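Visitor: I'm new to this one. Could you show it to me and explain how the labels on it are earned?

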Amino acid sequence: MQKAQLLDATYTDNEERSIIQLYLYNKEKGEFWLKDNKFRPYLYASCNDDVENKIKYLKGYTFGSEDVFKVENVTLTKLKANDETILKVTFDKVSHLIQVRKELGDLGFGKYEHDIPFWKRYLIDTDLEPGNWVTYEAKKEQIIKIEKLDGEFSVPTVAFDIETWAGKKFGIGLEEITMSATVDGKRSRIVSHNTKKIRGLEIVDNEEQLIKIIEEELNKYPIIVTYNGDNFDLPYVKDRAKKAGIDFEINGRRIKSKRKGMDNAVELYGKQHIDAYQVMRFLQRTGSVNIVKLDLENVSEKVFGIKKEKVTPSEGNNAWKTGVGLARFVDYNKKDAEVTLQIVKDFLPLFIEISKLTSQTLQTSTRASTSMMVEDLLVKESFKRGVLVPNKPKENEVRVRINNPIKGAFVKEPLAGLHENISVLDFASLYPSIIISHNISPETVNCSHKECEQNKSPDGTIFCTKKKGLFPEILGKMLSQRLKLKAEYKKKKKEGTDDKILFAKQWALKIVLNSAYGYLGYGRARWYSRECASATTAWARQYIHQTNDQAKESGFDVLYTDTDSCFILMNDKKQKDVENFLDKVNGELPGSMELEFDGYYKRGIFVTKKEGGAAKKRYALMDEKENLKIVGFEYVRRDWCNLAKETQRKVIELVLKDGEPEKAATYVRGVIKDLKEGKVPKKELTIITMMKRKPEDYDSIGPHVAAAKKAIAKGVDIGVGSLLSFIITKRGNTISEKALLEEFVEEGNYDSNYYIKNQILPAVIKIIRELGYTEEDLIQGGKQAGLGTWS
DNA sequence: TAATTCGCTAGACCGA
DNA sequence: TCGGTCTAGCGAA
């Protein structure tokens, strides 16, 4: 038996058959293919009467126009769907399956699992996992035996980045590639043409030779990493090669772009292309990182703490053309590739674990949504359980689901004002633990057992208690596995080793765990269940209400509550009392649910809304070490200018730390003075907002859309999803009229009135108002003594 | 091609 | 010019 790491699964057709091909890597053999000709594509057909004859009929069924084909085999299965009989229908080729699945409906059959890709079918049925090892026995390329083998995944990886001439118009392949960098952590190669020769830069005759070097370098590695290679670098090189009339092939094939909604994905054949930008986007979506703009400069600084200088397109042009500043340009190209490689070094372990969990290739899992991850996991587990995978919903069904939202969490209106001695308690993994504890799963809904009636959700659905459901089983396993890994990680860390793989494992579980509830309420889900999603939140509301009542009974005041957390005022109570309270609550909760102590805060502020009443989801806390935790306020929002955000933070700090509203007021007056005098630099005043749709699709033209339209008229390329940085300038009547993209605004050209009235004051007044101050106190002179104190 | 609901706020839009 | 309503974006959980 030999060992190798699994990278890709695909198939190829010969005359008679579709044959599975696996792409593998080990140190001895490098990269190689193995074939498995024993596995056939199949789907399930369902029927409810006359089974014998129907099997016969399908066995003899012929299809195809020029050549006539037959199904390979039909067998009876033990699977069930709504009391229908399920037949397994196998084919010689994937194309046959595709042909017959179109005709099954007309022939009077239902169909299941007809849309699971052949290669994925193979991985699920053989329990092989990309991102993991296999042991195998093979003769020539033919697999005789193959099995999963758990082991640490590690293959040679190269990062690559190109620089291009920046012309007037920006688009794929429009201008020459001027430079390219490939780095693998040990070796790097920076290549250019038609420019000055300097140290560390290899010069070739022309762009064609440059492309050939890129091709040569990339083909040496099983994993290729880019930053936005899906939409830029790879399509660009492909296009330039085509224009030059030369081949550009990875693993012997021309690269292909796949449409993925608004953008593209370049998935390679065998080798894995990881687009680190997609990785960052996923981390941003799941809240694992929070970075305003996902360019490499920001990522480098926010993730790795390394400042990275940006070379603008015109600087790049100039350096390449004249040789002046060329070293800086070369360094920039190289650093881009290095940061890209670093992203993958740090975060690929997470996706390796997700790949294993879901039996997806790395290039698929790094581009997958959380719903796809949950679904792939469920498909895999269904096979293990021997149950049928539900079909995807039809579009009209999806519409009905989306138009019927499910009631969500409970948020208690907080007590506005300043508070002291706050303890925050929260439920660990609230939704997953409810799903596990109450056995919530689509197939346990409303069983007919009398005994299960006690497991009735507050919104009236009964969940079977006799047989463990698919969701509770999977989530239960993942939850306990995660706790184990987390403990192991903590233990190792205490001993001095930061085991990144252990950390990635528990993190992958967390992401999938937390997405399971959202998946149940997601209209396009195969396992959508209104009853399950609704029961989960109904129970969540009940538990948090119960906790509030118990806290009051125990002598605490409840300051605020949101979904799974409970803020209590200690009054004269001690930490010990909180622990006793937790013990009491946890004693009454079902097994896998737990209320935990989350933190203690010396002071906190909750504010009133403009229209009155206390604002939910907005507060600031300060712990015993005087660290601030600011939630929901303008300070954490990207669509407010830096100056307003920083001023707000300073005010919160002065109020919470020192309890000195007068100092805060003085500080704000200073900021207003600077604004009035035109002294504030424009980078403090830019507001960042995303263009969520095409300009013509807006009903209401807000400032960012107005600014974008003006920029588009000047030839700037702005697509859906672009982040717009704009400034409210002096010129114009409405705010939208005054809005201009930052790049077109001169220093000093800002509407100070707007920034005072619409940015600074709204950001600080809600906080300082809790201390008795008014807007006038900030705009004009000082505050009368006596009102600004609090106890 | 897309996980969920709850909540706040700004600024456009619209009619008086 | 005013005030109410609607559109839009972003964050909390």
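Guide: Happy to. Let's start with a cavity lining: H11, helix H14 (470-494) and helix H15 (500-520) each supply two or more of the residues around the largest cavity. Keep in mind that this is a predicted model.

Visitor: What makes a space in the protein count as a cavity?

Guide: A 1.4 Å probe has to fit there but be unable to get out. With a cut-off of 30 Å³ or more, searching the whole structure turns up 1 cavity. The largest cavity holds about 60 Å³ of space.

Visitor: Which residues line the largest cavity?

Guide: The lining is made of Val374, Leu377, Leu378, Phe471, Ile474, Leu475, Met478, Val512 and Ala516. H14 is the top contributor to this lining, with 4 residues.

Visitor: How do you know which class the residues of that lining belong to?

Guide: Val, Leu, Phe, Ile, Met and Ala are among the types that count as nonpolar. The lining comes out as 9 nonpolar residues, with no polar and no charged ones.

Visitor: Now the DNA. What makes a residue count as near DNA strand B?

Guide: One of its heavy atoms must lie within 4 Å of the strand. For DNA strand B, 30 residues surround it, and the closest are Ser371, Met372, Lys616, Tyr754 and Asn758. By class, that surface has 11 nonpolar, 10 polar and 9 charged residues.

Visitor: Which part of DNA strand B lies within 4 Å of the protein: sugar and phosphate, or bases?

Guide: Among the strand's atoms within 4 Å of the protein, 87% belong to sugar or phosphate, and the rest belong to bases.

Visitor: Why do you call the pair between Asn758 and a phosphate oxygen of DNA strand B a polar contact?

Guide: A polar contact needs a pair of N or O atoms within 3.5 Å. A polar side-chain atom of Asn758 sits 2.8 Å from a phosphate oxygen of DNA strand B, so the pair qualifies. Ser736 also has a side-chain N or O atom 2.8 Å from a phosphate oxygen of the strand. For Lys609, the distance from a polar side-chain atom to a phosphate oxygen of DNA strand B is 3.2 Å. As for elements, helix H11 (370-385), strand E27 (614-622), helix H21 (735-738) and helix H22 (752-768) each give two or more residues to the surface near the strand. H22 gives the most, with 4 residues.

Visitor: What makes Asp50 stand out in its phi?

Guide: Asp50 has a positive phi of about 55°, although it is not a glycine. Most residues other than glycine have a negative phi. You'll find Asp50 in the loop between strand E4 (42-47) and helix H1 (51-60). Asp83 has a positive phi too, about 65°, and is not a glycine either. Asp83 belongs to the loop between strand E7 (73-81) and strand E8 (84-90).

Visitor: Why is Asp83 called exposed?

Guide: Because its relative accessible area is 70%, and exposed means over 50%. Asp50, at 45%, falls between the cut-offs of 20% and 50%, so Asp50 is called partly exposed.

Visitor: And why is Leu79 called buried?

Guide: Leu79 has 13% relative accessibility, and buried means under 20%, so the label fits. Leu79 belongs to strand E7. Leaving out residues up to four places away in sequence, Leu79 touches Tyr44, Glu84, Ile86, Gly386, Val387 and Leu388.

Notes: Residues are numbered from 1 along each chain as its sequence is written. Chains are lettered from A and ligands numbered from 1 in the order in which they are written. This is a predicted model: local features need pLDDT of at least 70, side-chain atom pairs count only at pLDDT 80 or more; totals for chains, interfaces and linings use all residues. Side-chain values use heavy atoms; hydrogens and water are left out. A polar contact is a pair of N or O atoms within 3.5 Å; within protein, one must be able to donate a hydrogen and the other to accept it, and residues adjacent in sequence count only if both atoms are side-chain atoms. On a 1 Å grid over the protein atoms alone, a cavity is a set of points where a 1.4 Å probe fits but cannot get out, and a pocket is an open set with protein on both sides within 12 Å along at least five of seven lines; lining residues have an atom within 4 Å of a point. Grid points are joined across faces, edges and corners, and a volume is the space filled by probe spheres set on the points. Buried means under 20% relative accessible area, exposed over 50%, partly exposed in between (1.4 Å probe, protein chains only). Contact means heavy atoms within 4.5 Å.
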